[in-house]
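Reader: I've got a model open and I keep tripping over the vocabulary. Can you walk me through why things are called what they're called?

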Amino acid sequence: MTGEMQTVYLCEDEKELAEAIIKELVGRYRVFWSETGAEAVEAARAGRAAILVMDRKLKGADGLTIVETLRAEGNRTPVLMISAMGAVDDRVAGLRAGGDDYLVKPFAMVEFSARVDALARRLSEASAPVLRAGPLELDLVARTVRRESREIELLPREFKLLEYFMRRPGLVVTRKMLLEDVWNYRFHTQTNVVDVHIRNLRLKLDAPGEKKLIVNLRGEGFLLDVAA
Amino acid sequence: MSLRDLSRSTPLRLAGVFALTIVLLTGGVFAFVYEVTTEARVAQLKKVFSDEAETAAASDDARLRRALSLRLTRDFRRLDYVALFDSSGRILFGNLERKPDIPVDGRTHYLPGFRPADEAEPEPTLMVARARPNGDVIVLGRSLANVEMLRSLFNQTLAYAILPVAAGALALGFFFSRRTAARIHEIDDAIAEIVNGDLRARLPIRSGFEELDGVIASVNEMLDEIERLMGQLAAVGDNIAHDLRAPLVNVRAILDQALVEAPKGAALRQPVQTALRQLDRAMTTIDALLRVSAIEGERRRSAFAEMDLAEICGELFDFFEPLAKAKGVELTLAKGGAIIRRGDPDLMREAIANLIDNALKFTPRGGSVKIAATAEEGLARVEVCDNGRGVPAAEAHDIFRRFARAENGADLPGAGLGLSIAETIARLHGMELVVADNAPGARFTLAERVPAAEERR
């Protein structure tokens with residue numbers, strides 16, 4: 001890890017979950033935990049918080065309202081909303097209020113970690129027309145992909161999938177993230193359909209003898225490994 | 001005959017019956033007055049005439065002449081014609097020029113066109129002729145011109161009056177029965193909405209139908225009570241699910257953390273991983289249950305927007321196609337043009353995805369799954385057919401119930417809940433999800449219902 005650790009403010013009123021989250025993040029982030037969210041809002045206003053992790057339902061406060069208030073003040077601190085499953089449109093409401101990502105409890109810690117890491121990188125979703133990661137080059141305008149000099153032909157769905165990975169090099173990408181962000185699906189499939197898509201993409205990316213670029217992390221998800 | 005059929009046929013029929021009754025009653029009144037004023041009068045006159053003639057025939061000459069002349073001038077029951085003829089037909093006395101052509105039988109005869117004189121207008125007339133013992137013939141007569149005038153006046157009045165009365169009765173009858181029918185349709189539509197699962201709908205109350213409104217108010221109270229009970233039931237279920245969920249979430253987090261911290265190759269890793277998997281299964285079930293009740297409970301149509309069912313099927317085909325290929329199942333898509341409907345695209349994707357997911361799960365290698373999005377006669381229809389094991393007919397309905405799972409699919413986890421969610425989503429969109437035998441395999445059809453209001457037309 002390089003230099004100063006980033007600060008995560010966690011607003012969560014379930015003690016066991018909060019402890020598990022702290023254990024997960026500690027060592028990579030500085031974590032402050034409060035049950036109400038007041039401190040977190042202060043920290044965000046003062047620019048001391050890199051990321052807010054906000055439970056939607058806090059004791060005596062509403063996570064949604066807190067985020068809305070911050071956004072209304074022009075505060076852009078990334079927010080990961082977490083919530084016990086409730087209404088169908090929770091996620092929509094959470095994102096509409098200004099949350100950057102939304103995770104429904106219960107979640108696997110790897111899932112949570114991956115989301116926090118992604119927010120910490122402050123990914124710029126719409127920037128250069130050409131993305132580069134290691135040997136890969138993806139032209140968003142010409143819709144072409146090359147690995148070093150070799151041109152790779154991808155189906156539109158494979159192109160979208162690769163783009164998602166190339167915006168998150170070296171970061172864990174979970175199946176759930178892919179379902180939600182690449183395909184816009186809010187449902188869980190009990191089949192291994194995502195793995196099949198990855199396998200197909202991988203077959204095209206890696207010529208025989210070449211290094212495997214998309215790595216399977218057992219029980220976690222996938223990762224685009226472009227380190228030399 | 002359903003309430004709907006009845007209400008459709010009634011307005012015209014009721015109006016017709018109403019108008020007919022009014023017309024008959026009016027006609028009846030006219031007939032009665034007509035009878036009393038004309039026919040009865042004529043009958044009475046006939047009787048009087050015959051009696052008069054009899055009396056006259058029996059009296060002696062002098063008295064007869066005096067009585068007859070008196071009759072001509074003063075008697076209130078005026079006789080228009082009085083005459084006495086001798087046996088050869090010569091007039092002896094009276095105001096007739098010649099003997100009228102009627103039998104001399106003492107009975108009153110009706111002559112439709114009698115001319116008292118050659119140049120006179122013919123008039124309907126009553127005449128009686130009777131022979132006296134000496135062979136003379138006495139003739140009495142009365143013009144019915146005024147009675148006839150009355151009669152034609154009646155007929156005219158009836159002819160002029162009956163049309164407006166009939167038209168008015170028809171219009172009035174139609175208006176009232178239309179109003180009632182419209183009311184019944186309104187109630188019927190509201191009931192249809194409730195039957196389709198919107199327990200929040202109530203029957204409309206309008207003033208002007210007191211008896212009906214009393215019944216409707218009672219039905220609405222009953223619906224309030226049902227909704228309250230259903231709400232309580234759902235709330236209990238949700239609370240249990242929520243309460244179960246919170247500790248499970250924490251247990252999962254603890255196990256997850258333990259796994260992270262456990263050294264590689266530790267003996268505990270395997271059982272912890274198994275426990276996590278089982279926990280995930282339990283939580284998938286709880287989540288699906290909560291999801292069904294959330295979709296049901298909120299009836300949220302706020303997120304409704306334009307969506308293209310054909311496009312959604314296309315996207316899902318694209319999504320599942322690699323999986324089907326990997327499983328050795330042939331997945332095909334048949335779709336025509338766009339099928340634009342209002343709905344929640346996220347939920348609709350979920351519903352159709354669950355159907356495809358389910359079909360792929362139950363179709364063995366070498367089988368096929370077909371997706372089709374069509375709109376026939378304006379009714380959207382999404383079909384997912386497979387040639388897998390199928391759904392036994394006896395379970396075809398139960399399959400959408402929470403917790404239900406086809407008998408022969410018991411070894412595959414979570415098959416029932418996805419369908420239950422799909423069914424709930426279908427109902428939210430005014431569609432229905434049915435399963436049929438595809439011989440072999442199952443055919444799931446997500447189809448738009450014919451709107452209640454249109455079915456009637």
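Reader: What makes residues of H4(B) count as buried, and which ones are they?

Author: This is a predicted model, and the test is a neighbour count: 20 or more other C-beta atoms within 10 Å of a residue's own. In H4(B), the residues that pass are Ile216(B), Arg245(B), Val249(B), Arg252(B), Ala253(B) and Asp256(B).

Reader: How do you know what span the 52 residues of helix H4 of chain B should have?

Author: Use 1.5 Å a residue, taken over one less than the number of residues. For residues 210-261 of chain B that gives 76 Å, and the end C-alpha atoms are 75 Å apart, so the two agree.

Reader: And what does H4(B) supply to the side of chain B that touches chain A?

Author: Eleven residues, the largest share of that side. Overall, 37 residues of chain B are in contact with 30 residues of chain A. Besides H4, helices H5 (269-298), H6 (309-327) and H7 (345-362) of chain B each supply at least two residues to it. By class, the chain B side splits into 18 nonpolar, six polar and 13 charged.

Reader: Over to chain A. Why are H1(A) and H5(A) called oblique?

Author: Helix H1 (residues 15-25) and helix H5 (residues 109-120) of chain A pack at about 60°, with axes 10 Å apart. Roughly parallel needs an angle under 35 degrees, and roughly perpendicular starts at 65. The angle of H1(A) to H5(A) fits neither, so the pair is oblique. Their crossing is right-handed.

Reader: Which residues meet there, and what classes do they fall into?

Author: From H1(A) you have Ala20(A), Ile21(A), Glu24(A) and Leu25(A), and they meet Met109(A), Phe112(A), Ser113(A) and Val116(A) of H5(A). That contact divides into six nonpolar, one polar and one charged.

Reader: What makes H6(A) and H8(A) roughly perpendicular, then?

Author: The axes of helix H6 (residues 156-166) and helix H8 (residues 193-205) of chain A cross at roughly 90° and come within 10 Å. The perpendicular range is 65 to 115 degrees, so H6(A) is roughly perpendicular to H8(A). Glu158(A), Leu161(A) and Leu162(A) of H6(A) meet His197(A), Asn200(A), Leu201(A) and Lys204(A) of H8(A). That makes three nonpolar, two polar and two charged residues.

Reader: Last one: how many helices and strands does chain A have, and how much of chain A is buried?

Author: Chain A has eight helices and 14 strands, and 40% of its 228 residues count as buried.

Notes:
Residues are numbered from 1 along each chain as its sequence is written. Chains are lettered from A and ligands numbered from 1 in the order in which they are written. This is a predicted model: local features need pLDDT of at least 70, side-chain atom pairs count only at pLDDT 80 or more; totals for chains, interfaces and linings use all residues. Helices (H or I, at least four residues) and strands (E, at least two) are DSSP runs, numbered from the N terminus. A residue is buried if 20 or more other C-beta atoms lie within 10 Å of its own, exposed if 12 or fewer, and partly exposed in between; C-beta atoms are placed from the backbone. Axes are lines fitted to C-alpha atoms, for helices over the stretch in contact, and angles run from 0 to 180 degrees between N-to-C directions. Angles under 35 degrees count as roughly parallel, over 145 as roughly antiparallel, 65 to 115 as roughly perpendicular and the rest as oblique. A crossing is left-handed if the near helix is turned anticlockwise from the far one by less than a right angle, and right-handed if clockwise. Two residues are in contact if their C-beta atoms, placed from the backbone, lie within 7 Å. Ala, Val, Leu, Ile, Met, Phe, Trp, Tyr, Cys and Pro count as nonpolar, Asp, Glu, Lys and Arg as charged, and the others, Gly among them, as polar.
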